[in-house]
Amino acid sequence: MISVFDLFSIGIGPSSSHTVGPMRAAKKFATKMTQAAFLEKVTYITVEVHGSLAFTGKGHGTDKAILMGLEGQDPESIDPDIVDDRMETIAQTHTIFLNQSKNITFNPQLHLILNLTTLLPKHSNGMSFKAFDHASNLLAHDIYYSIGGGFIIAESEVNIESTSGRPISDDAPDPCPYPFNNTEELMAQCRKHKLSIAELMMTNESFMHGEKNVRERLLKVYAAMRACIEKGCQTGGILPGGLNVKRRALNLHQLLIKKGKPSSFEHMDSMSWLNLFAIAVNEENAAGGRVVTAPTNGAAGIIPAVLHYYLTFYPNVNENKIIEFLLTAAAITILFKKNASISGAEVGCQGEVGVASSMAAGALTAVLGGTLAQVENAAEIAIEHHLGMTCDPVGGLVQIPCIERNAMGSWKAVNAMRLAMDGDGEHKISLDQAILTMKKTGEDMNLIYKETSLGGLAASYIEC
Ligand code: SF4
């Protein structure tokens, strides 16, 4: 079962597959190495990263994430402000504090290897962790894959099917009350049991976590999204990484405040606020700040922007609407995750910004009272008009085109809602067909457009 909290996890930027996933994998390996069988013997560790982790890992903070993970940090609780100091100390002393248990040798120049030539067999984002004793005897060797959205899979634990990250052997029936594998099944369950998508999701989530807990945690997710928007709106300066991209949210916020905040979504300026919310989040993400993965970090601005836009400019909003929005969005992500991918390294940006836009479109339609057919229609329209979108971050940084792309994805989500709500929900292409098309398009896409920064804008940009 995929939980809403697997999809909306509070962590750090800039990338779910390149930062959050690698930190989780490194922590997992470090935890294993501090078990009794290894702790006394382990003297040094090497980490080799492959595929897009090697090509754009530096810009995405993969190196930092792995070292922090080896020191026992996790994305949910790490203080982003300590990372740079700690990295400097490790670089000077060639020592890491393995899972907060033991100092061992680790020279990042030597022991963290970017393998630009070989892919590991099951996924393009592979990581190979090895531990050695003082005589360089191999003690342990684990391989993990970062499969998008912060999810990781250990090679030894599961076989994964093509690019979806879905376990081949996982054919056991889903134990939740209302299982679904695709849109058709989701809609059939909703119609049969007379439930909205959010009600169905709440029943499934409550089965795992209890309703009170689910409500509290979802409100905490929104609080983290809101805090991220607020911090982004108050922070200026230049984003890290060397591209010298100026943060825009601070000035944009001041400009919009000067113009006066509109009281309703009917005012066109409300869409400028939507831009602001998305840009604020993605600038925080690019700076390695605290963000909510939704469903990835590169696309982390769209769900907070559209939800906050709705709460700011629409009437009759309350906590229940926040919960309804997030649960509906999560159900749509599950459809993509089960049947295609949410990883830019697998299917390009259509799987990140496209999916987030589809989630937001469906969720916004639901909270505005759309029918099941209209919710599906909105989600389908949003993904349909992101099909083929490549991933080509300039300099391997989640800045250009990613930050503006989240603003555009948010607009498309709102417009998809409007198109769906102005119709009766009838549409020719189903969401399932659009998801399958996204998957096939991603499979046909050249590797240079899948988070490697070898093509597209990344290749066109010339540094002056
Ligand atoms: S271009 Fe899209 S998929 Fe690629 S890093 Fe940026 S947001 Fe993620």
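Okay, a quick definition before anything else: when I say buried, I mean under 20% relative accessible area, with the protein chains only. Keep that one in your heads, and keep in mind that this is a predicted model.

Let's use it right away on helix α5, residues 62-70. The buried residues there are Thr62, Asp63, Ala65, Ile66, Leu67, Met68, Gly69 and Leu70. That's 8 of the 9 residues of the helix, so α5 is largely enclosed by the rest of the structure. After α5 comes Gly72, and its phi is positive, near 95°.

Now the ligand. Where does it sit? In the largest cavity. Around it you'll find Gly298, Cys349, Glu352, Cys391, Asp392, Cys402, Arg405 and Glu451. If you sort that shell by residue type, you get 3 nonpolar, 1 polar and 4 charged.

Next up, the loop between α19 (431-444) and α20 (456-460), which is where Thr452 is found. Is Thr452 buried or exposed? It's buried, because its relative accessible area is 3% and the cut-off is 20%. A polar atom of its side chain lies 3.3 Å from the backbone oxygen of Ile448. Setting aside residues up to four places away in sequence, Thr452 touches Ser52, Phe55, Thr56 and Leu447.

Ser453 is in that loop between α19 and α20 too. Here the backbone is worth a look: Ser453 isn't a glycine, yet it has a positive phi of about 60°. Its relative accessible area is 17%, so Ser453 counts as buried.

There's another non-glycine with positive phi, and that's Asn99, at about 45°. Asn99 lies in the loop between β3 (95-98) and β4 (102-105). With a relative accessible area of 17%, Asn99 is buried.

While we're on backbone geometry, let me show you a couple of cis peptide bonds. The one from Ala294 to Pro295 is cis, with omega near -5°, and Pro295 lies in the loop between β11 (290-293) and α13 (302-313). The bond from Ile400 to Pro401 is cis as well, with omega near 10°. Pro401 is in the loop between α17 (372-384) and α18 (402-421).

One more proline, Pro262, in the loop between α11 (249-259) and α12 (269-286). Pro262 has 10% relative accessibility, so it counts as buried. Leaving aside neighbours within four places, its contacts are His267, Asp269, Ser270, Trp273 and Phe313. And here's a long hop in sequence: Pro262 and Thr312 are 50 residues apart along the chain, while their C-alphas are 9.4 Å apart in space.

Arg215 gives us another pair like that. Arg215 and Ile323 are 108 residues apart in sequence, and 6.8 Å apart in space, C-alpha to C-alpha. Arg215 is in helix α10, residues 211-234, and beyond its sequence neighbours up to four places away it touches Met202, Asn320 and Ile323. Is it buried or exposed? Neither, really: Arg215 is partly exposed, because its relative accessible area is 26% and that class runs between 20% and 50%.

Last stop, strand β1, residues 9-12, where Ser9 lies. Ser9 counts as buried, at 7% relative accessibility. Outside its neighbours within four places in sequence, Ser9 is in contact with Arg24, Glu76, Val291, Val292 and Thr293.

That's my tour. Happy to go back to any of these in the viewer.

Notes:
Residues numbered from 1 in each chain as written. Predicted model: local features only at pLDDT ≥ 70, side-chain atom pairs only at ≥ 80, totals over all residues. Heavy atoms only, no water. Near = heavy atom within 4 Å. 1 Å grid on protein atoms, 1.4 Å probe; cavity = no way out; pocket = protein on both sides within 12 Å on 5 of 7 lines; lining within 4 Å. Sits in = over half its atoms within 2 Å of the grid points. Nonpolar A, V, L, I, M, F, W, Y, C, P; charged D, E, K, R; others polar. Helix = DSSP H or I, 4+ residues; strand = E, 2+ residues; numbered from the N terminus. Buried < 20%, exposed > 50% of the residue type's maximum accessible area, 1.4 Å probe, protein only. Polar contact = N/O pair within 3.5 Å; in protein donor to acceptor, adjacent residues only side chain to side chain. Contact = heavy atoms within 4.5 Å.
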